Amino acid sequence: MDEAHTNARQAALDYHELPKPGKLEIRATKPLANGRDLSRAYSPGVAEACLEIKADAATASRYTARGNLVAVVTNGTAVLGLGNIGALASKPVMEGKAVLFKKFANIDCFDIELNEPDPYRLADIVCALEPTFGAINLEDIKAPDCFIVEKLCRERMNIPVFHDDQHGTAIVVGAAATNALHVAGKRFDQIKVVSTGGGAAGIACLNMLLKLGVKRENVWLCDLAGLVYKGREAEMTPQKADYAQGTEPKTLAEVIEGADLFLGLSGPGVLKPEMVAKMAPKPIVFALANPTPEILPEEVRKVAPEAIIATGRSDYPNQVNNVLCFPFIFRGALDVGATQINDAMQIACIDGIAQLARATTSAEAAAAYQGERLNFGPDYLIPKPFDPRLIGVVAFAVAKAAMETGVATRPIADLEAYRERLDGSVFRSALIMRPVFEASRDAHRKIVFAEGEDDRVLRAALAMIEETDDSPILIGRPDVVSARCERLGLPIRPERDFQLVNPENDPRYRDYWGTYHELMARRGVTPDIARAVMRTNTTAIAAIMVHRGEADSLICGTFGQYLWHLNYVRQILARGGLSPIGALSLMILEDGPLFIADTHVHPEPTPVEIMNTVIGAARHVKRFGLVPKIALCSHSQFGNLDCDTGRRMRQAMEMLDAREPDFAYEGEMHTDSALDPAIRARIFPQSRFDGPANVLVFANADAASGVRNILKMKANALEVGPILMGMGNKAHICTPSVTARGLLNMSALAGTPVTHYS
């Protein structure tokens with residue numbers, strides 16, 4: 001064993017062992033901090049929930065976790081490529097499956113490993129679990145036992161039972177085959193299919209191909225004994241017999257001639273290059289054996305350069321991975337209380353996955369797979385597992401199909417709202433940003449991006465065009481922008497889809513530097529300096545465009561220091577009563593939104609600047625449909641310390657009181673008092689608002705920025721902003737960590753006229 005393999009093995013073992021054994025734990029979702037909580041969680045309060053369920057079994061999904069709980073069940077007889085290793089040894093795999101359910105679809109999961117080799121007794125045990133679970137995922141049960149277990153469980157249980165090795169593989173193969181035929185210009189009803197391996201996954205894939213339009217007479221199944229033909233006795237099962245062809249034995253080499261699609265779910269080296277050479281033009285080779293496929297892609301390319309290839313491995317393009325399917329098909333099924341996962345739901349899943357691959361790649365998927373070309377084509381037939389759009393597309397399609405076929409016990413009245421909720425589960429800003437996007441749709445605004453060559457900006461521009469009525473303007477060199485759009489697989493191009501300003505050669509250059517010189521002539525800027533700035537400083541160019549009315553708002557800051565960008569925003573746009581009063585960051589946490597100010601503009605704000613920050617923050621919080629509760633935070637707490645921050649906060653409070661604003665604010669106080677009403681009630685019972693604050697205003701930028709960064713790094717908070725307050729929505733400065741979705745969110749904020757929230 002070489003050193004690299006030894007290190008990888010130890011790393012995998014450490015991953016499973018440290019810092020605590022295994023990959024799962026159980027956490028409570030309700031508080032249990034006092035006697036009152038105990039009386040509700042257990043006796044006597046728990047009896048009320050029990051009686052409700054006894055009276056109406058459907059209420060179990062309201063009062064228990066059952067409606068979001070899946071069992072992953074195995075007997076360990078066919079585990080990955082390891083074979084019959086037993087139930088106990090399979091537990092790491094089943095825990096891994098449970099982790100995938102939680103990660104990709106927020107489904108809770110118990111892994112259940114059973115020492116039961118007999119398929120009939122195994123089915124009895126699984127059926128007895130129905131009161132506990134909303135669905136059953138059968139896993140790694142050998143063929144033909146898996147067919148028996150699934151059939152019995154489906155007949156006897158009133159919840160979805162899904163053998164992922166069979167149907168999950170078949171769904172992803174179906175999606176990959178759909179798009180492979182699209183690329184090759186072929187149709188299901190015209191192709192010849194040759195398959196190796198008559199196990200659970202292989203048979204399920206063939207069954208699915210028939211449902212998609214392949215003709216049974218065009219399917220040739222081979223295994224270790226050669227072609228499956230009528231009358232063959234060796235290594236036969238009823239499932240294989242369904243695909244018997246002819247009455248004479250033949251080898252794979254004989255039947256492969258003229259095949260359009262090879263489907264391998266067998267073992268390494270089964271398909272030889274000379275066999276591929278016999279296949280039809282533009283052959284489709286799905287060599288899915290793991291870890292070593294039936295043939296390596298490079299061997300296929302030598303004899304068929306135009307071949308379309310998929311494997312089960314992550315180090316080659318087109319990995320057929322069940323994680324594209326099973327979390328989301330269960331999500332959709334659970335959400336409508338489906339009693340089964342039927343053919344229509346599975347085909348809806350296939351259609352959703354296939355269509356998603358043909359769409360533009362998401363920025364989040366591109367970030368997760370940096371360096372890979374994710375453009376639809378021979379090397380990108382199916383989406384990547386970390387594409388966050390999968391849940392919205394696939395779960396929605398599955399839920400809709402369940403409702404249309406009558407297997408949904410809890411139909412969803414508003415499917416579009418359901419889709420938005422699914423997207424909100426992965427795009428955490430989606431729900432909180434909804435009022436902003438709705439307001440931005442009322443007006444058509446032109447948003448100029450100073451760093452138009454940045455990949456994130458290009459993706460944000462595409463999203464703006466697809467999702468809003470605003471028009472992006474990009475500053476960048478045309479050849480660079482075009483090349484990057486091409487490399488990223490984006491369907492947009494300069495001038496055709498968006499306006500481009502070329503800082504090196506733009507016909508407006510003379511007007512721009514002239515305007516800048518006119519504004520700055522008495523502040524030490526000579527004509528030569530003005531020319532240089534308008535050739536090299538894209539933030540200044542963007543600000544001049546806004547000043548001249550050629551754009552409504554600018555977005556900058558994907559690189560560089562915040563105050564550097566702010567300098568040019570101030571120079572050019574801080575006029576007519578506009579002035580930067582503070583930067584407000586919206587932090588989206590697991591338990592809700594929290595706004596932080598001032599994170600960037602004033603290092604040590606005066607009482608007047610603090611007051612203006614509070615007023616501006618209240619105005620912006622209302623944009624998100626929230627009621628502001630603003631805490632003025634300090635080392636001092638309600639006058640207990642005579643420190644600088646306390647004095648400035650107290651003066652700001654006095655100024656606010658004199659204005660009698662129409663929102664709740666309180667201070668000065670510690671952050672724990674701001675966020676914990678129990679602490680605040682003990683220290684200062686007459687506080688001006690109830691519940692936790694949703695805005696924290698600090699007395700210096702160090703504190704505000706520090707809290708913002710701690711929340712991002714340690715609490716996994718998602719930031720929207722910083723929102724530059726006081727500039728009439730004419731400019732917003734991001735930070736270099738901003739994502740493409742963050743830029744889209746900022747464009748929505750910039751896309752709302754100031755009259756909508758002033």
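The following paragraphs describe the overall dimensions of a predicted protein model and one of its sheets.

In this predicted model, the C-alpha trace of the protein chain extends over about 95 × 75 × 55 Å along its principal axes, and the secondary structure of the chain comprises 31 helices and 21 strands. Of its 758 residues, 54% count as buried, while the accessible surface of the chain amounts to about 33,300 Å², with 53% of that area belonging to carbon and sulfur atoms. When contacts between residues at least 6 apart in the sequence of the chain are considered, 70% join residues at least 24 apart. The chain carries 81 positive and 91 negative charges, and the mean positions of these two sets lie 3 Å apart.

Within this chain, six strands form an open sheet of mixed pairing, in which the order of strands is S7-S6-S5-S8-S9-S10. The sheet is bounded by strand S7 (226–227) and strand S10 (308–311), the edge strands, each of which pairs on one side only. Strands of a sheet pair through backbone hydrogen bonds, in either a parallel or an antiparallel arrangement. For strand S5 (residues 193–196) and strand S8 (residues 261–264), the pairing is parallel and is made over four bridges, with Val194 standing opposite Phe262 of S8.

Helix H8, formed by residues 164–184, lies across S8, strand S9 (284–287) and S10, and runs at about 155° to S9. Strand S8 is thus both the parallel partner of S5 and one of the strands crossed by helix H8, whereas S10, also crossed by this helix, is an edge strand of the sheet.

Methods:
Residues are numbered from 1 along each chain as its sequence is written. This is a predicted model: local features need pLDDT of at least 70, side-chain atom pairs count only at pLDDT 80 or more; totals for chains, interfaces and linings use all residues. Side-chain values use heavy atoms; hydrogens and water are left out. Two strands pair if DSSP finds at least two bridges between them. Helices (H or I, at least four residues) and strands (E, at least two) are DSSP runs, numbered from the N terminus. Contact means heavy atoms within 4.5 Å. Axes are lines fitted to C-alpha atoms, for helices over the stretch in contact, and angles run from 0 to 180 degrees between N-to-C directions. Buried means under 20% relative accessible area, exposed over 50%, partly exposed in between (1.4 Å probe, protein chains only). Accessible areas come from the Shrake-Rupley method with a 1.4 Å probe; for residues, only the protein chains shown count as cover. Lys and Arg count as positive and Asp and Glu as negative; His and the chain ends are not counted. The place of a charge is taken as NZ of Lys, CZ of Arg, CG of Asp or CD of Glu.
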